[in-house]
Amino acid sequence: MPFPATRLRRLRRTPALRDLVRETSLSPAQLVQPAFVVAGEGVRDEIDSMPGIERFSISELVAEATEIASLGVGAILLFGIPSAKDESATGAYDDEGVVQMAVRALKEAHPDLTVITDVCLCEYTSHGHCGFLRDGEVDNDITIELLAKTAVSHAEAGADVVAPSDMMDGRVGAIRHQLDEEGHSRVAILSYSSKYASAFYGPFREAADSTPESGDRRGYQMDPGNAAEAIREAELDLDEGADMLMVKPATPYLDVVRLVKDATGAPLAAYHVSGEYSMLKAAAANGWIDERAAVLETLTSIKRAGADAIVTYYAKEAAQWLR
Ligand code: PBG
């Protein structure tokens, strides 16, 4: 029955009616707050290009986690910034490394807060690439062994979930195998199954000091023109043992979020990355947008596209807004 009998505006008339029929809503429990952890004591070091985001030393991180947990944020995702870097990324799988120590401290203070660790070598290599370099190229098969070692050391420290972000082939299988071999069958893998070679990681690379010294990451991260390939990546990662998938970045790739969700039905996260955060912060600082409304609309769009969880530097603020 068309107009005038049918009027879609009827259910938009009051806030309560709109709440009643909303298809997508946000919950702090499905937001993940990324955090940068550095060596040292008493460090809270703000990142210029990411207003509101700081690098924390361990006791400051624990204090921050107390706030995050009390706001009901679902999980924290840790990135380590080591004091020294080398060719083999030894800081990544050092049992006394910055992430390993941070995980132990977090788990002791907040046993119920879900701790996810980024598993990648780029913050730990002197050249800034995500893997071991041989003849100027990232060697896939040596790299996945180092990644598996890194994941095991995070699991041993108490991580609930390990999240490989390197885009090597076969790394999920190598990590699953090694975790199981060493008694960590209950640790989950959140695979960055489609991570694009994106211009939106700029502020992160400043924060993590992980810009490649030469070349770029297009030899391993996905080409922005591809979408069908994201489904192949997702299926391979699931076959290798991934528990959850991730599309990254989020807003420029909402079509990919929808495709991967529909093709796999698997638990899915999307990463609202540093550049997406910085753009919103910059526009808000200039008074060009209403920050709260624009951020909540952005996060809603990511869920509407099919993501279950959202990794976002806005997790803590959004949780405050959603209270
Ligand atoms: C690599 C990694 C990157 C991000 C998360 N993990 C950067 C890269 O590939 O250069 C980017 C996250 C962001 O921009 O917020 N370990």
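K261 is buried in this predicted model, with a relative accessible area of 18%, which places K261 below the 20% limit under which a residue counts as buried. K261 nevertheless takes part in a salt bridge with D308, whose closest N and O atoms are 2.8 Å apart. The two residues belong to distant parts of the chain, since D308 sits in the loop between α10 (291-304) and β12 (309-312) while K261 sits in helix α8, and 47 residues separate them. D308, for its part, is partly exposed, with a relative accessible area of 26%.

**Salt bridges**

- Side chains of opposite charge can pair when their charged atoms come close.
- By the rule applied here, the count of salt bridges comes to 18.
- Within helix α8 (residues 254-264), D262 and R258 are four residues apart, which means that about one helical turn separates them, and their closest N and O atoms are 3.0 Å apart in the salt bridge that they form.
- The two partners in that helix are given different labels for accessibility, because D262 has a relative accessible area of 56% and is exposed, whereas R258 has 34% and is partly exposed.
- Another salt bridge joins E317 to K281, with the closest N and O atoms 2.9 Å apart.
- Because E317 lies in helix α11 (residues 315-322) and K281 lies in helix α9 (residues 274-285), this pair ties together parts that are 36 residues apart in sequence.
- E317 counts as partly exposed at 25% relative accessibility, while K281, at 12%, counts as buried.
- R44, E54, E64, E67 and K316 are joined into one network by salt bridges that share partners.

**The surroundings of R55**

- R55 is found in strand β3 (residues 54-56), and with a relative accessible area of 14% this residue is buried.
- Leaving aside residues up to four places away in sequence, R55 touches a set of residues that includes F36, V38, V43, R44, D45, I81, E206 and A207.
- One of these, R44, is 11 residues from R55 in sequence, yet the C-alpha atoms of the two are 5.6 Å apart in space.
- The side chain of R55 makes a polar contact with the side chain of D45 at 2.8 Å, and it also reaches the backbone oxygen of A207 at 2.8 Å.

**Helix α3**

- Helix α3 (residues 98-109) has 12 residues, so at 1.5 Å a residue it should span 16 Å, and the 17 Å between its end C-alpha atoms agrees with this.
- The buried residues of α3 are V98, V99, Q100, A102, V103, L106 and K107.
- The cover over these buried residues includes the strands β1 (31-38), β4 (75-81) and β5 (114-119), together with the helices α2 (58-70) and α4 (140-157).

**The chain as a whole**

- The chain contains 11 helices and 12 strands.
- Its radius of gyration is 20 Å, close to the 20 Å that the globule rule gives for 323 residues, so the chain is as compact as a globular protein of that length.
- Along its principal axes, the C-alpha trace spans about 70 × 45 × 40 Å.
- Of the 323 residues in the chain, 53% count as buried.
- Among contacts with a separation of 6 or more, 74% are between residues 24 or more positions apart.
- The chain exposes about 14500 Å², and carbon and sulfur atoms supply 49% of that area.

How values were computed
Residues are numbered from 1 along each chain as its sequence is written. This is a predicted model: local features need pLDDT of at least 70, side-chain atom pairs count only at pLDDT 80 or more; totals for chains, interfaces and linings use all residues. Side-chain values use heavy atoms; hydrogens and water are left out. The expected span of a helix is 1.5 Å times one less than its number of residues. Buried means under 20% relative accessible area, exposed over 50%, partly exposed in between (1.4 Å probe, protein chains only). Contact means heavy atoms within 4.5 Å. A salt bridge is a side-chain nitrogen of Lys or Arg within 4 Å of a carboxyl oxygen of Asp or Glu. The radius of gyration is taken over C-alpha atoms; the globule rule is 2.2 Å times the number of residues to the power 0.38. Accessible areas come from the Shrake-Rupley method with a 1.4 Å probe; for residues, only the protein chains shown count as cover. A polar contact is a pair of N or O atoms within 3.5 Å; within protein, one must be able to donate a hydrogen and the other to accept it, and residues adjacent in sequence count only if both atoms are side-chain atoms.
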